[in-house]
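This report describes the fold of one protein chain for a reader who is new to structural description. Please look at the sequence and the structure first, and then follow the text.

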Amino acid sequence: QVQLVESGGGLVEAGGSLRLSCTISGDTFNRAHMAWLRQAPGKAREFVAAIRYDYATTDYADSVKGRFTISRDNAINTLYLQMNSLRPEDTAVYYCAADLDIRVLRRAPSAYHYWGQGTQVTVSS
C-alpha cells in the first residue's frame with residue numbers, strides 16, 4: 001500500500017551540494033518514522049539519517065553529521081535529504097525508507113520494510 005519514490009540524485013563535484021526528495025503515497029506517512037539509507041558499490045547498505053514522524057528528533061550517522069540534513073513535510077508527504085560538502089565516499093544509491101514502529105528511531109536497515117527504488121548519487125573528485 002505504501003509507495004516511496006526518490007528523486008534528485010545525480011552527478012556532483014566534491015564539495016558540492018545536492019538535495020534528495022522522496023514522495024510517499026498512502027495514508028500512513030504521518031505515522032511513520034522516515035529514514036535515508038545508502039549502499040555503495042561493494043558495501044552493505046548503511047544508515048544515513050532518520051526523522052521522527054512528528055519532526056521531533058533526528059538521528060545521523062557520524063559520517064554525515066554536520067553535512068547532511070534530513071527533513072520532512074507531512075503536508076505534502078515528502079521527505080528530504082540536503083547534502084552539503086559532498087565527498088567521493090558519499091557516492092552510493094540512496095534509498096528512502098519508512099518504519100511504522102515509532103517507539104524509537106532505528107538505524108538497522110532490517111528495521112525498515114518500506115523502501116523506495118533508490119536514486120544514484122555520484123560525487124566526483
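In strand 8, the residue that stands as bridge partner of F68 is M83. The model in which this pair is found is a predicted one. F68 belongs to strand 7, which spans residues 68-73, and M83 belongs to strand 8, which spans residues 78-83. These two strands run antiparallel and are joined by 6 bridges.

**The sheet**

Strands 7 and 8 are part of an open sheet of 4 strands, in the order 1-3-8-7, with antiparallel pairing. Strand 1 and strand 7 each have a single partner strand and stand at the edges, so one side of each has no neighbour in the sheet. On average, and with direction ignored, neighbouring strands of this sheet are turned by 15 degrees against each other. As a general point, strands of a sheet pair through backbone hydrogen bonds, either parallel or antiparallel.

The table lists the pairings within this sheet.

| Strands | Sense | Bridges |
|---|---|---|
| strand 1 and strand 3 | antiparallel | 5 bridges |
| strand 3 and strand 8 | antiparallel | 6 bridges |
| strand 7 and strand 8 | antiparallel | 6 bridges |

Individual residues show how the strands face one another. V5 stands opposite T23 in strand 3, and R19 stands opposite Q82 in strand 8.

**The nonpolar core**

Which residues have the most contacts inside the largest nonpolar core? They are M34, W36, L79, L81, M83 and Y94, in a core of 37 residues. M83, the bridge partner of F68, is thus also named among these residues. Several strands give two or more residues to the core, among them strand 3 (18-25), strand 4 (33-39), strand 9 (92-99) and strand 11 (119-124). In soluble globular proteins, nonpolar side chains tend to be buried together.

Y94 illustrates the contacts of one core residue. Apart from neighbours within four places in sequence, Y94 is in contact with E6, L20, W36, L37, R38, V48, F68, L81, M83, G118, T119 and V121. Both members of the bridge pair with which this account began, F68 and M83, therefore appear in the list of contacts of Y94, as do W36 and L81.

**The disulfide**

The model has 1 disulfide. It joins C22 to C96, with a distance of 2.0 Å from S to S. C22 lies in strand 3 and C96 in strand 9, so the bond ties together parts that are 74 residues apart in sequence. The torsion about the S-S bond is about 50 degrees, which means that the disulfide is right-handed. Is this pair of cysteines buried or exposed? C22 has a relative accessible area of 0% and is buried, and C96 is likewise buried at 0% relative accessibility.

**Contacts of H33**

H33 lies in strand 4. Buried means under 20% relative accessible area, and H33 counts as buried because its relative accessibility is 1%. The side chain of H33 reaches the backbone nitrogen of Y53 at 3.0 Å. Not counting residues up to four places away in sequence, H33 touches a number of residues, including I51, R52, Y53, R72, A97 and L105. H33 and Y55 are 22 residues apart in sequence, and their C-alpha atoms are 9.0 Å apart in space.

**Loops and the start of the chain**

Most residues other than glycine have a negative phi. Two residues in loops have a positive value. N77, in the loop between strand 7 and strand 8, has a phi near 50 degrees. S85, in the loop between strand 8 and strand 9, has a phi of about 50 degrees although it is not a glycine. S85 counts as partly exposed, with 40% relative accessibility.

Q1 is found in the segment before strand 1. With a relative accessible area of 90%, Q1 is exposed. Leaving aside neighbours within four places in sequence, Q1 is in contact with S25 and G26. Q1 and E89 are 88 residues apart in sequence and 34 Å apart in space, from C-alpha to C-alpha.

Conventions. Residues numbered from 1 in each chain as written. Predicted model: local features only at pLDDT ≥ 70, side-chain atom pairs only at ≥ 80, totals over all residues. Heavy atoms only, no water. Core = buried A, V, L, I, M, F, W, Y, C linked by side-chain atoms within 4.5 Å. Buried < 20%, exposed > 50% of the residue type's maximum accessible area, 1.4 Å probe, protein only. Contact = heavy atoms within 4.5 Å. Pairing = 2+ DSSP bridges. Disulfide = S-S within 2.5 Å. Polar contact = N/O pair within 3.5 Å; in protein donor to acceptor, adjacent residues only side chain to side chain. Axes fitted to C-alpha atoms, helices over the stretch in contact; angles between N-to-C directions.
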